[in-house]
Amino acid sequence: GRRGTSGMAARPEDVDIAASAARGSSPPEDRRGFVYRACFFLGAGILFPWNSYITAVDYFERVHPGKHVDRVFGVLYFLPNLLMLVLVLRFGNLVPPGARVRLGFCLFLLCLLVPAFTSNLGVLCAGIALNGVADALAQGSLFAQVASMPETYTQALMGGTSLSGLIVSLLRVVTKASFPSTDSGAAASASTYFVAAALWVLACLVLYGELERSEVFRWHVARAARARR
């Protein structure tokens, strides 16, 4: 059967929306602003893992004194990120964008659960490298999909990325203040912090599925796909 833009078999309603987009009909209304809010939430989620790691650098330096963790994290993040970006640009057309976004957020979830359960430096380094790979998969693919929609949704996505650091910082302040300043308290605080960040990313995975099913998203993606033919 016909395939949808996410790589899954097209449903009857997808065909109807594609036909509507082809006729140049008016796009569906974003009822209650769901699509706008979803884009904002997902934008914050894209940078949540990276911001979570660097905002907790005080904890990592406490358990690994003298290791210059902040510098190590920077290198281990950006090199895999750059390599994966090159691969996505070269071979990205082989994988549907929706699959790349989902894979990216699944990897985000994994790399946030790593520091929630271990402080081993080698494992943390693997987690931050995985973070870079996930960012290259999810961020470019999500921005490309939203770019087919009116620019207000791209603005929402960018607004989310801009506020991600503030949200993560507030989360860090709250979790750090909730535990005593002992070694065990710092470990419990860090675990709570990273689990909370992981829950945000898990919510992003669910929300992305809802966004893909929305009429607004499907209409604009179908119109963009038709324009490329």
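1. R32 counts as exposed, at 79% relative accessibility, and its place in this predicted model is in the loop between helix 1 (12–22) and helix 2. The backbone of R32 deserves a look as well, since its phi is near 60 degrees, a positive value in a residue other than glycine.

2. H68 can be read alongside R32, for H68 has a positive phi of about 50 degrees although it is not a glycine. H68 is found in the loop between helix 3 and helix 4, and with a relative accessible area of 44% it is partly exposed.

3. On the surface, L83, L87, F91, L94 and V95 form a nonpolar patch, and together these residues have about 480 Å² of accessible area. One of them, L83, sits in helix 4 (residues 69–91), where it is exposed, with a relative accessible area of 55%. As background to this point, nonpolar side chains in soluble globular proteins tend to be buried together.

4. Turning to the interior, the largest nonpolar core has 56 residues, of which L42, Y53, F60, F105, L142 and F194 touch the most other members. At least two residues of this core are supplied by each of helix 2, helix 3 (57–63), helix 4, helix 5 (97–117), helix 6, helix 7 (151–177), helix 8 (183–213) and helix 9 (215–228). The largest share, twelve residues, comes from helix 8.

5. F105 may serve as an example from that core, being among the residues that touch the most other members. If its neighbours within four places in sequence are left aside, F105 is in contact with L42, G45, I46, A138, V201, C204 and L205. Of these partners, L42 is itself listed with F105 among the residues touching the most other core members.

6. G43 lies in helix 2 (residues 34–55) and is buried, its relative accessible area being 0%. Residues up to four places away in sequence not being counted, G43 touches L157, G160 and T161. A further relation over a long stretch of chain is the one between G43 and Q139, which are 96 residues apart along the chain while their C-alpha atoms are separated by 8.4 Å.

7. Is N131 buried or exposed? N131, which lies in helix 6 (residues 121–146), is buried, with a relative accessible area of 1%. Its contacts, not counting residues up to four places away in sequence, are with P49, W50, Y53, Y77, F108 and C111. Among these, Y53 is one of the residues that touch the most other members of the largest nonpolar core.

8. The salt bridges come to a count of five. In general, side chains of opposite charge can pair when their charged atoms come close. One of the pairs joins the side chains of R172 and D58, at 3.4 Å from N to O; this pair links distant parts of the chain, with R172 in helix 7 and D58 in helix 3, 114 residues apart. R172 counts as buried, at 7% relative accessibility, whereas D58 is partly exposed, with a relative accessible area of 30%.

9. D58 also forms a salt bridge with K176, in which the closest N and O atoms are 2.6 Å apart. Because D58 lies in helix 3 and K176 in helix 7, this pair ties together parts that are 118 residues apart in sequence. K176 is partly exposed, with a relative accessible area of 47%. Taken together, D58, R172 and K176 are linked in a network of salt bridges.

10. Another salt bridge is the one in which the side chains of R213 and E210 meet, at 2.6 Å from N to O. R213 and E210 are three residues apart in helix 8, so they are separated by about one helical turn. Both ends of this pair are described by their accessibility: R213 is partly exposed, with a relative accessible area of 43%, and E210 counts as partly exposed at 37%.

11. Finally, R100, found in helix 5, invites a question: which side chain of opposite charge is nearest to R100? That side chain is E212, which is 11 Å away, and R100 is buried yet has no salt bridge. Leaving aside neighbours within four places in sequence, R100 is in contact with V88, G92, V95, L137, A138 and S141. One of these contacts, V95, belongs to the nonpolar surface patch described above.

Technical notes. Residues numbered from 1 in each chain as written. Predicted model: local features only at pLDDT ≥ 70, side-chain atom pairs only at ≥ 80, totals over all residues. Heavy atoms only, no water. Patch = residues over 30% accessible without salt bridge, like charges linked within 9 Å, V, L, I, M, F, W, Y side chains within 5 Å. Areas by Shrake-Rupley, 256 points an atom, 1.4 Å probe, with all protein chains shown as cover. Salt bridge = Lys/Arg side-chain N within 4 Å of Asp/Glu carboxyl O. Helix = DSSP H or I, 4+ residues; strand = E, 2+ residues; numbered from the N terminus. Buried < 20%, exposed > 50% of the residue type's maximum accessible area, 1.4 Å probe, protein only. Contact = heavy atoms within 4.5 Å. Core = buried A, V, L, I, M, F, W, Y, C linked by side-chain atoms within 4.5 Å. Lys, Arg positive; Asp, Glu negative; His and termini not counted.
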